[in-house]
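Take a slow walk through this fold with me, one piece at a time. Have the sequence and the 3D view open as you read.

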Amino acid sequence: MALLIKRRSKWKKSPISLEAEEKAEIEPGKNIEEIVKELEERLDYSNDIGKRQLKFNHESALLVYFVPLMDSMKLNDHVIKPLLIEKEGEIKEVIQAASITPAKDLDEMISLMSRGASILLIENDSFVYAIDSTKTATREVNQALNEKVVRGSQESFVESLDKNLNMMRQKFLDGSLIVRYIEVGSISRTRVAVLYLKNIANIEICNMIIDRIKQIEVDGVDSGSVIEEALEDSPLSPFPQLLNTERPDRVMGNLLEGRMAVLTNGNSSALIAPVNFFYFLSITRRL
């Protein structure tokens with residue numbers, strides 16, 4: 001994992017910028033399966049995309065959203081239940097949401113989803129509806145215990161993987177953040193998430209990290225050390241080969257530089273890879 005990754009120039013436009021891409025307009029009456037397929041392709045089939053099939057106005061309907069950003073009670077009580085009970089009518093009159101915004105293209109859909117909206121698509125409907133059903137991740141730790149800074153965010157990871165992914169999703173509103181879920185432990189079945197940025201991270205290294213985690217054979221994962229040992233190239237080396245951090249802003253900076261982050265349910269810190277010895281000589285507050 002000891003690979004040197006250079007920081008991108010600040011003035012260079014990132015290839016993931018959706019502004020540089022041609023806007024993918026949603027054609028009126030377009031098949032919802034085609035729209036969802038295009039959406040999933042744009043998001044590189046990220047594992048944290050949730051979907052719910054429904055029927056409304058005698059037509060097929062589909063809710064699409066990012067699971068870590070959803071308030072399940074708000075989504076169920078104010079969106080899904082009214083649609084199941086009423087079954088027909090005007091969307092803005094049936095759904096009990098603070099805001100319902102029409103989306104015009106895939107870029108806008110992704111941006112609204114990244115802000116916590118659930119997207120409602122209805123067959124043969126000329127509109128795509130973005131419904132506010134977001135869950136705000138509250139900061140449960142007053143400040144990072146091991147990486148204290150005077151300036152900048154005081155936010156730190158918690159033991160809940162969903163809340164940690166919620167925090168990370170809100171830092172990348174263009175849909176470039178990709179999440180891959182892996183289950184580790186034959187008994188504990190602990191959820192592990194590998195995070196990287198589309199078009200920035202080296203996909204070969206991403207796949208190598210995912211494969212190594214999948215090959216872990218243990219009964220349970222009680223800490224991040226099990227994952228760390230599996231990702232180390234030289235277990236006998238006295239030098240650290242992975243960065244361990246509890247700061248979401250530091251993870252964000254490393255993702256922007258092309259590295260990957262590994263989050264484990266029940267662990268309040270993230271592993272960053274790949275890194276080398278010289279990386280640890282850098283200043284902690286450089287972000």
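Let's start with an open sheet of 5 strands, paired antiparallel in the order 6-7-9-10-8. At the edges sit strand 6 (177-184) and strand 8 (243-245), each pairing on one side only. From one strand to the next, the twist averages 25°. Bear in mind that you're looking at a predicted model.

Inside that sheet, strand 9 (residues 260-264) and strand 10 run antiparallel and are joined by 4 bridges. If you'd like one rung of that ladder to find on screen, Val 262 has Leu 271 in strand 10 as its bridge partner. Now look for helix 6 (residues 203-214), which packs on the sheet. Helix 6 touches strand 6, strand 7 (190-197), strand 9 and strand 10, and its direction makes about 175° with that of strand 7.

Two more details belong to this part of the tour. The charged end of Arg 191 sits over the ring of Tyr 181, 5.5 Å from its centre. And follow strand 10 (270-273) to the segment after it, where you'll meet Pro 274. The peptide bond joining Ala 273 and Pro 274 is cis, with omega at about -5°.

Next up is helix 4 (residues 106-114). How many of the 9 residues of helix 4 are buried? The count is 7, so helix 4 is largely enclosed by the rest of the structure. The buried residues are Leu 106, Asp 107, Met 109, Ile 110, Leu 112, Met 113 and Ser 114. What do these buried residues pack against? Their neighbours are helix 1, strand 2, strand 3 (100-103), strand 4 (117-122), strand 5 (128-132) and helix 5 (161-169).

The two ends of helix 4 deserve a glance as well. At the N-terminal end, Asp 105 acts as a cap: one of its side-chain oxygens lies 3.1 Å from the backbone nitrogen of Asp 107. Just after helix 4 comes Gly 116, with a positive phi of about 105°.

From there, move to strand 5, one of the elements that helix 4 packs against. Of the 5 residues of strand 5, 4 are buried, so this strand too is largely enclosed by the rest of the structure. Strand 5 is joined to strand 3 by 4 bridges, running antiparallel, and it pairs with strand 4 in the antiparallel sense over 5 bridges. Tyr 129 is a handy landmark here: Pro 102 has Tyr 129 as its bridge partner, while Leu 120 stands opposite Tyr 129. Strand 4 and strand 5 form a hairpin with 5 residues between them, and in the turn Asn 124 has a positive phi of about 65°.

Stay with Tyr 129 a moment longer, as we turn to rings. A search of the whole structure finds 1 aromatic pair. The partners are Phe 127 and Tyr 129, with ring centres 6.3 Å apart and planes at 40°, so the pair counts as tilted. Is each ring-bearing residue buried or exposed? Tyr 129 is buried, with a relative accessible area of 10%, whereas Phe 127 is partly exposed at 45%. Elsewhere, a charge meets a ring where Arg 169 lies over the face of Phe 66, at 3.8 Å from the ring centre.

Let's also stop at two loops. In the one between helix 1 (32-42) and strand 1 (49-56) you'll find Tyr 45. The phi of Tyr 45 is near 55°, a positive value in a residue other than glycine. Tyr 45 is partly exposed, with a relative accessible area of 43%. The other loop, between strand 1 and strand 2 (59-66), is the place of His 58. His 58 also isn't a glycine, yet it has a positive phi of about 65°. With a relative accessibility of 69%, His 58 counts as exposed.

Finally, zoom out. The protein has 8 helices and 10 strands, and 48% of its 287 residues count as buried. Take the contacts between residues at least 6 apart in sequence: 66% of them join residues at least 24 apart.

How values were computed. Residues are numbered from 1 along each chain as its sequence is written. This is a predicted model: local features need pLDDT of at least 70, side-chain atom pairs count only at pLDDT 80 or more; totals for chains, interfaces and linings use all residues. Side-chain values use heavy atoms; hydrogens and water are left out. Rings of Phe, Tyr and Trp (its six-membered ring) pair if their centres lie within 6.5 Å; planes under 30 degrees apart count as stacked, over 60 as edge-to-face and the rest as tilted. Buried means under 20% relative accessible area, exposed over 50%, partly exposed in between (1.4 Å probe, protein chains only). A charge sits over a ring if NZ of Lys or CZ of Arg is within 6 Å of the ring centre and within 35 degrees of the ring normal. Two strands pair if DSSP finds at least two bridges between them. Axes are lines fitted to C-alpha atoms, for helices over the stretch in contact, and angles run from 0 to 180 degrees between N-to-C directions. Contact means heavy atoms within 4.5 Å. A polar contact is a pair of N or O atoms within 3.5 Å; within protein, one must be able to donate a hydrogen and the other to accept it, and residues adjacent in sequence count only if both atoms are side-chain atoms.
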